[in-house]
Amino acid sequence: MTSRAGRTTIVDVARAAGTSVSSASVALRGEPGVSAQTRERILAAARRLGYRPDRQASLLRRREPRVLGVTFSVEQTFHGDLVENLYRAADASGYDLVLSAKTAGRPESRAVDNLLRDRCGPLILIAPELPRDALAQLAARTPVVTIGSDAPAEGVDSVHSDDRQGVTDAVAHLVGLGHRRIAYVDGGTAVMSATRSDAYVRTMREHGLDGHVRVISGAPTEESGIEVASVLLDGDEPLPTAILAHNDLIAVGLLLTLRSRGVRVPADVSVVGYDDTRTAALAAVRLTSVSQDAAELARRAVERATTRGDDPAQQIVTPARLVVRDTTAPPGR
C-alpha cells in the first residue's frame with residue numbers, strides 16, 4: 001500500500017479509501033467537494049497509513065490555476081448574460097474562466113477540444129448541442145455541467161430553468177388578458193425548443209383552446225422573427241392576437257417588423273419573448289418576457305462544477321418567472 005521509496009503518497013491513501021486521487025486531495029486539504037462519509041473514509045485511511053503531505057508538491061499545486069472552461073454561442077444574447085454572471089460566480093469561488101465560443105464556422109466540438117487542450121478544470125457548457133453519448137464520454141474525462149439543457153447524459157450535471165412552467169405562465173398570462181388566437185414561434189433545432197413548444201401546445205389545450213393551437217416554424221434568431229412576421233402579415237389568415245416566441249431574439253424581430261408595417265403592439269398583437277435579456281428591458285422595446293434568472297443558473301452551475309467531488313450527477317431545475325412589460329395587453333385595447 002506504500003510507494004517503492006517507502007513513503008506513503010496520496011495515491012496510496014486514495015487506493016486504501018477506494019476513491020479517486022482528486023477526492024483524496026480535496027478531503028486532505030479540508031476543502032468542500034466530497035461527502036462527509038467519503039471525507040471520513042479518506043482521513044481514516046491517511047491516519048492508518050501514516051500519511052504526511054509532501055510540502056513541495058503542495059506548493060506546486062497551489063500555483064496551478066483554478067480555471068473553469070466555458071463554451072457559449074456568440075449569436076445568443078442570453079449566453080452573454082450567462083457568461084457575465086459566470087464570471088461573478090467563479091470569482092466568488094476563487095476560480096477564473098476560459099471562454100471558447102461556438103460560431104457558424106467553429107463547431108462546439110472544436111470549442112470543447114480547445115478547452116481540453118488548455119488544460120482547464122471542470123467544463124461548463126451553455127446550451128450544448130453535443131449528442132448525449134459524446135457528453136457522457138467527455139464527463140468520463142473531466143467534470144461537466146450543462147446550462148440550459150434538459151437532455152440527461154450519464155455523469156453530466158445539468159442546470160436549467162423550469163421552461164415548461166415558464167411557457168405555461170406566459171400562455172396563462174395571455175389567456176387571462178382575453179386572448180384566444182395565440183400563436184407560438186418555435187426555435188427550430190435549438191436546445192429546449194421541443195420542450196417549450198410542447199408546453200405551449202399542452203397549456204393551450206388545458207385552457208380549452210385546441211382549435212387555436214398554431215406552432216410556426218422558426219429559428220433562434222432575430223432574422224427568423226422578421227421572416228415570420230412578414231409571412232403572417234402577407235398571408236391570407238387573420239393575424240393572431242398574441243404571439244409567444246421561443247426567445248427574445250425572435251420576439252424582437254417580430255416586434256420591430258410588426259411596428260414597421262403599421263401593426264400596433266400590443267393593441268393589435270401582443271408579443272411575448274423568452275430569456276428576459278437586456279434588450280427586452282430597453283426603453284424602446286419593453287418586451288414582456290420569461291426570465292430564467294441568469295445569475296442563479298450561473299451560481300448553481302459553478303457550485304456544481306467546483307464542489308461535486310464523487311457525488312453523483314444532478315439535474316438542478318430553477319424557477320422561471322414571467323416579467324410583464326409593455327408588449328402585452330387585452331386584444332383590441
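In this short talk I will go through a few local features of one protein chain, beginning with how far the model can be trusted.

What we are looking at is a predicted model, and the mean pLDDT of its chain is 90, with 93% of the residues reaching 70 or more. Two stretches need caution, and one of them is residues 1-5, where the pLDDT is below 50 and where the model shows eight contacts beyond near neighbours in sequence. The other is residues 59-64, again with a pLDDT below 50, and here there are two contacts beyond near neighbours in sequence. As a general point, where pLDDT is low, the predicted coordinates should not be read in detail.

Let me turn to a helix, H3, which runs over residues 36-49. Does its length fit what we would expect, or what span should 14 residues give at 1.5 Å a residue? The expected span is 20 Å, and the end C-alpha atoms of H3 are 20 Å apart, so the two values agree. Within this helix, the buried residues are Thr38, Arg39, Ile42, Ala45 and Ala46. If you look down the axis of H3, these buried residues fall within an arc of 130 degrees, and therefore they line one face of the helix. The general background is that an α-helix has 3.6 residues a turn, so residues three or four places apart point the same way. On the face of H3 that is turned away from the buried side we find the exposed residues Ala36, Gln37, Arg47 and Arg48. After H3 comes Gly50, which has a positive phi, near 70 degrees.

Next, the charged side chains. Side chains of opposite charge can pair when their charged atoms come close, and a search of the whole structure finds 19 salt bridges. I will show three of these pairs, and the first one I have picked is Glu84 with Arg88, whose closest N and O atoms are 2.8 Å apart. Both residues lie in helix H5, residues 77-92, and they are four residues apart, which is about one turn of the helix. Glu84 counts as partly exposed, because its relative accessibility is 28%, and partly exposed covers the range between 20% and 50%. The pair also belongs to a network of salt bridges that links Asp81, Glu84, Arg88 and Arg278.

Another pair with this spacing is found in helix H13, residues 294-307, where Arg299 and Glu303 lie four residues apart, about one turn of the helix. Their side chains meet in a salt bridge at 3.8 Å, N to O. Arg299 is partly exposed, with a relative accessible area of 40%, and Glu303 is partly exposed as well, at 34%.

For the third pair, Asp275 and Arg196, the side chains meet in a salt bridge at 4.0 Å, N to O. Asp275 lies in strand E9, residues 270-275, and Arg196 in helix H9, residues 193-206, so this salt bridge ties together parts that are 79 residues apart in sequence. Are these two residues buried or exposed? Both Asp275 and Arg196 are buried.

Helix H9 comes up again when we look at aromatic rings, of which the structure holds one pair. The rings of Tyr184 and Tyr200 have their centres 5.3 Å apart and their planes at 20 degrees, so the pair is stacked. Tyr184 sits in strand E6, residues 182-185, and Tyr200 in helix H9, so that the pair links distant parts of the chain, 16 residues apart. Tyr184 counts as buried, since its relative accessibility is 1%, and Tyr200 is buried too, with a relative accessible area of 0%.

Finally, some backbone details in the loops. The peptide bond from Val265 to Pro266 is cis, with omega near 15 degrees, and Pro266 has its place in the loop between helix H11 and strand E9. Arg286 has a positive phi, near 50 degrees, although it is a residue other than glycine, and it lies in the loop between helix H12 and strand E10. Its relative accessible area is 30%, which means that Arg286 is partly exposed. Asp293 is not a glycine either, and its phi is positive at about 60 degrees; this residue is in the loop between E10 and H13. At 39% relative accessibility, Asp293 counts as partly exposed.

Methods
Residues numbered from 1 in each chain as written. Predicted model: local features only at pLDDT ≥ 70, side-chain atom pairs only at ≥ 80, totals over all residues. Heavy atoms only, no water. Helix = DSSP H or I, 4+ residues; strand = E, 2+ residues; numbered from the N terminus. Expected span 1.5 Å × (residues − 1). Buried < 20%, exposed > 50% of the residue type's maximum accessible area, 1.4 Å probe, protein only. Arc of directions from axis to C-beta. pLDDT = per-residue confidence, 0-100. Contact = heavy atoms within 4.5 Å. Phe/Tyr/Trp six-rings, centres within 6.5 Å; stacked < 30°, edge-to-face > 60°.
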